[in-house]
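Student: I'd like to learn how to read a model like this one. Could you walk me through it, feature by feature?

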Amino acid sequence: MKRNRIGQVHFSIGDATRLGYDQIKRRWGRAAINIASIALGLSFYASLMLSDTFYNTYEGLGGTQLSVESYQYWLVGVALVVSVVGITNAMLIAVYERYKEIGTMKCIGALDRHIIMLFMVESGFQGLAGGVLGFILGLAAAVVSTGFSTGFDIVLKVPALRMLTLFGGSVLLALALSMMATMYPAWRASKLKPVEALRYEL
Amino acid sequence: MSYDYVIELRDLVRHYKMGDETVKALDGVDLEINRGEYVSIVGPSGSGKTTLFNLIGGLDKPTRGSVFIDGVDIAQLDAYELAWLRCRKIGYIFQSFNLIQVLTALENVALPTVFAGVPRDEGLKKAEHILESVGLSKRINHRPSELSAGQQQRVALARALANDPAIILADEPTGNLDLNTGMEIIDLLHGLNKTKGLTLVAATHDLKMIKASDRIVWMRDGRIEKIERG
């Protein structure tokens, strides 16, 4: 059969990572908006989780019982949803900006899933950066807001493992939210027909 | 294994729906293109040139009829095989260059080799070599925005050559270039056609391109009006 002369195209996660990194580096403005969006939502989450941990630690060390108000968790939820919607919006605009580029990629051999991979890698980078930044901001906020009642050195009294778990959890959450927000835009981009994508003028 | 015709079009029809009306962009085209031939597709705008270009390149699906590339009916290919065909068999050149803006000239040319599964170092080396052959050895680390229109089109040409395709499809490749730079691109294309035996199919308005070709296919209203020897 003639079939055996047809082969397969290749595109690894490593290739996508390299290209995604280039995209972020060169289109820094768009990435910065996404990173800020996720960082702000996440810093709220992290500050609440950290405050709670600080209060517990303080109590464990014999201090009076203090706690985070439960309505604040609601606010965190809302903040995270808002940041997800913001990222989805920014990523959709990024897809429109890159219509021609996506069409070109398809012309030189990219499959639908390669396009999805590219956008997901990019949002993964942004999620990681936003998560780390958000945790740092949240830590600062938590120390400032609890410090007056528990003493500012409380941050040093929290068990290291607990701190590490909180950090890991925050970054993972940011990563998950960022990638979740990018699913729809990435899917839209991957479904573009090369002809339409190439004809498109921004 | 070699086929007589590298491209074969059989009763090719492409209709678009525009509201209630059906636009007959292509209305029954039969054409055979030999290996190593240089064919210009000429016609007024709306005559079906670009539609034909898209169908040959597997970028669009015909309403009826078939496109054979190297004897394979591309309607029979699945998405993976079609991607491979676009990647390895066909090199595309566009009027508006369509380079990836965030990548350097070298990376742009090396990109198709990534999809072809060529190891990175090898791909970059090959890209550098091809860029040299189109006269851009001093500009390989520049991004598209730092290059002139003629240089960008040469990068695009180098990219089309990256995986040693059998066919180069060019859609108005000199349309955005001035007389001299356009001439340079035509000379490069013509040289590749003659020395490497690449099959070259170009949709064009450019008289200089038409003159250089082996055959000229005149299109009108979605049909072939006449075919002339160049």
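Tutor: Let's begin with a hairpin: β9(B) and β10(B) form one, with two residues between them, and D221(B) in the turn has a positive phi of about 50°. Strands here are DSSP runs of E of at least two residues, helices are runs of H or I of at least four, and both are numbered from the N terminus. Keep in mind that this is a predicted model, where local features need pLDDT of at least 70, side-chain atom pairs count only at pLDDT 80 or more, and totals for chains, interfaces and linings use all residues. Residues are numbered from 1 along each chain as its sequence is written, while chains are lettered from A and ligands numbered from 1 in the order in which they are written.

Student: How many bridges join β9(B) to β10(B)?

Tutor: In general, strands of a sheet pair through backbone hydrogen bonds, either parallel or antiparallel. Two strands count as paired if DSSP finds at least two bridges between them. In this hairpin, β9 (residues 215–220) and β10 (residues 223–229) of chain B run antiparallel and share six bridges. To see the register, look at V217(B), which stands opposite I227(B).

Student: In what order do the strands of the open sheet in chain B lie?

Tutor: Read across and you get β2-β1-β4-β5, four strands with antiparallel pairing. β2 (21–34) and β5 (72–73) of chain B are at the edges with a single partner strand each, so one side of each has no neighbour in the sheet. At the β5(B) end, two bridges tie that strand to β4(B), residues 64–69, in the antiparallel sense. There I69(B) faces V72(B).

Student: On to helices. Which residues of α4(B) are buried?

Tutor: Buried means 20 or more other C-beta atoms within 10 Å of the residue's own, exposed means 12 or fewer, and partly exposed is in between, with C-beta atoms placed from the backbone. In α4(B), the buried ones are G123(B), A127(B), I130(B) and L131(B). They sit on the same side of α4(B), because they cover an arc of only 100° around the axis; the arc is that of the directions from the helix axis to the C-beta atoms. D121(B), E122(B) and H129(B) are exposed on the other side.

Student: What do those buried residues of α4(B) pack against?

Tutor: Contact means C-beta atoms, placed from the backbone, within 7 Å. By that test, they pack against α3 (105–115) and α5 (149–161) of chain B. L131(B) alone touches A105(B), L106(B), V109(B), L136(B), S137(B), I140(B) and A158(B), leaving out residues up to four places away in sequence. E132(B), also in α4(B), is partly exposed, with 13 other C-beta atoms within 10 Å.

Student: And how far does α1(A) reach from its first C-alpha to its last?

Tutor: The expected span is 1.5 Å times one less than the number of residues. α1(A), residues 13–26, has 14 residues and reaches 20 Å, close to the 20 Å expected. Its buried residues are A16(A), L19(A), G20(A), Q23(A) and I24(A). Their arc is only 140°, which puts them on the same side of α1(A), packed against α2 and α5 (112–150) of chain A. G14(A) and K25(A) are exposed on the other side.

Student: Which residues touch the most other members of the largest nonpolar core?

Tutor: A nonpolar core is a set of buried Ala, Val, Leu, Ile, Met, Phe, Trp, Tyr and Cys residues joined through C-beta atoms within 7 Å. The largest here has 129 residues, and those touching the most other members are I41(B), V109(B), L131(B), A158(B), L169(B) and V201(B). Helix α2(A), residues 28–60, gives the most to this core, with 14 residues.

Student: Last one: how many residues does each chain bring to the contact between A and B?

Tutor: Chain B brings 25 residues and chain A brings 23. On the chain B side, α2 (79–89) gives the most, with seven residues. That side has 18 nonpolar, four polar and three charged residues, where Ala, Val, Leu, Ile, Met, Phe, Trp, Tyr, Cys and Pro count as nonpolar, Asp, Glu, Lys and Arg as charged, and the others, Gly among them, as polar. α2(B) is also mostly covered, with eight of its 11 residues buried. Its cover includes α4 (99–107) of chain A, along with β4, β6 (90–93), α3 and β7 (167–171) of chain B.

Notes
Contact = placed C-beta atoms within 7 Å.
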